[in-house]
Amino acid sequence: MCRVVAYYRVSTADQGRSGLGLEAQRQAVRNLCESRGWEVIDERTEVESGKTSNRPQLSAALHHAKVTGSTLVVAKLDRLSRSVAFLSALQDSGAKFVAADMPEANDLTVHIMAAVAQAEREAISKRTKDALRVAKAAGRKLGNPNGAQALRRAGKGNAAAVEQVKAEADNYAHDLAPVIADIRASGVTSLGRIAAELNARHIQTRRGGRWHGSSVRNLLARMEEPSVV
């Protein structure tokens, strides 16, 4: 069964207190989930203007969706606004995303938004390359004079791959740090019971599996490393 983290947004504090527009969003998400047999495991509500990029509840929803392997579901695309900050947060989180009003078009929509950002990156890249060509034509020496040989001597090829794996593991440990803190605060301290609680919360290991005492021990050891703090 697909698990869902629902995200709702209302524009003003008055709407947040009255529930104006909020129940309609809940109903839209509920209808979609019921029609597809999806399970809503968490709901987050933001009371914010669509123009602001400060969305703590959206960040929390994306985080929960990521660590539980769930799908973020919103009632309408305009509840997220057209903020580039949202696009960046969505891409960085790795969370799956569906809009109840256009469930079949969510990937296309995100790709179009990403294409706009990509176009800007390509424009910057082109300007940089043009500047380098001008510098080279003027006789300036560019790059490492020792080329790939220096990198091979330093052994940086394998080191870079190892560092990438370590960075991904560190990032996941950082994501789970507040979850582990919450579990411990509730009085659960043994490795086995922490593993059981993580599984009960639908939180997966970095490789998408279930937690055991040994995997919790490895996670806690990584959290104690200075790079994860």
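Reader: Which residues are exposed on the other side of helix 2?

Author: Happy to start there, with the reminder that this is a predicted model. Helix 2 spans residues 22-36, and its buried residues are L22, Q25, V29, L32 and C33. On the other side of helix 2, the exposed residues are A24, E34 and S35.

Reader: Why do the buried residues of helix 2 line one face of the helix?

Author: The residues in question are L22, Q25, V29, L32 and C33. Looking down the axis of helix 2, one finds these buried residues within a limited arc, so they line one face. That arc is 105 degrees.

Reader: Which strands are included in what covers the buried residues of helix 2?

Author: The protein chain has four strands to choose from, alongside nine helices. The cover of the buried residues of helix 2 includes strand 1 (3-10), strand 2 (39-47), strand 3 (71-74) and strand 4 (96-99).

Reader: How far does helix 2 reach from its first C-alpha to its last?

Author: Good one to check against ideal geometry. With 15 residues at 1.5 Å a residue, helix 2 is expected to span 21 Å. The model comes close to that, with a reach of 22 Å.

Reader: What phi does G37 take, just after helix 2?

Author: Helix 2 ends at residue 36, and G37 follows just after it. The phi of G37 is positive, at about 70 degrees.

Reader: Is T71 buried or exposed?

Author: T71 sits in strand 3. Among the residues it touches, beyond those up to four places away in sequence, are R3, V4, V5, F97 and V98. Its relative accessible area is 6%, and a residue under 20% counts as buried, so T71 is buried.

Reader: Which helix gives the most residues to the largest nonpolar core?

Author: This core has 17 residues, and L176, L198, I203 and W211 have the most contacts inside it. Helix 7 (156-185), helix 8 and helix 9 each supply at least two of its residues. With six residues, the one that gives the most is helix 7.

Reader: How many residues are in the other core, which lies apart from it?

Author: As a general tendency, nonpolar side chains in soluble globular proteins are buried together. The other core includes V4, L22, L32 and C33, and three of these names, L22, L32 and C33, are also among the buried residues of helix 2. Its size is 13 residues.

Reader: What is the relative accessible area of A195?

Author: A195 lies in helix 8 (residues 191-200). Leaving aside neighbours within four places in sequence, A195 is in contact with W211, H212, G213 and V216. W211 in turn touches residues including Y172, L176, A195 and L198. A195 is buried, and its relative accessible area is 3%.

Reader: How far apart in space are A195 and S215, C-alpha to C-alpha?

Author: In sequence, A195 and S215 are 20 residues apart. S215 belongs to helix 9 (residues 213-223), where it is buried together with V216, L219, L220 and M223. These five cover an arc of only 135 degrees around the axis, which puts them on the same side of helix 9. In space, A195 and S215 are apart by 8.0 Å.

Reader: What share of the contacts with a separation of 6 or more comes from residues 24 or more positions apart?

Author: Along the protein chain, the elements run β-α-α-β-α-β-α-β-α-α-α-α-α from the N terminus on. Of its 229 residues, 32% count as buried. For contacts with a separation of 6 or more, the share from residues 24 or more positions apart is 67%.

Note on methods. Residues numbered from 1 in each chain as written. Predicted model: local features only at pLDDT ≥ 70, side-chain atom pairs only at ≥ 80, totals over all residues. Heavy atoms only, no water. Expected span 1.5 Å × (residues − 1). Buried < 20%, exposed > 50% of the residue type's maximum accessible area, 1.4 Å probe, protein only. Arc of directions from axis to C-beta. Contact = heavy atoms within 4.5 Å. Core = buried A, V, L, I, M, F, W, Y, C linked by side-chain atoms within 4.5 Å.
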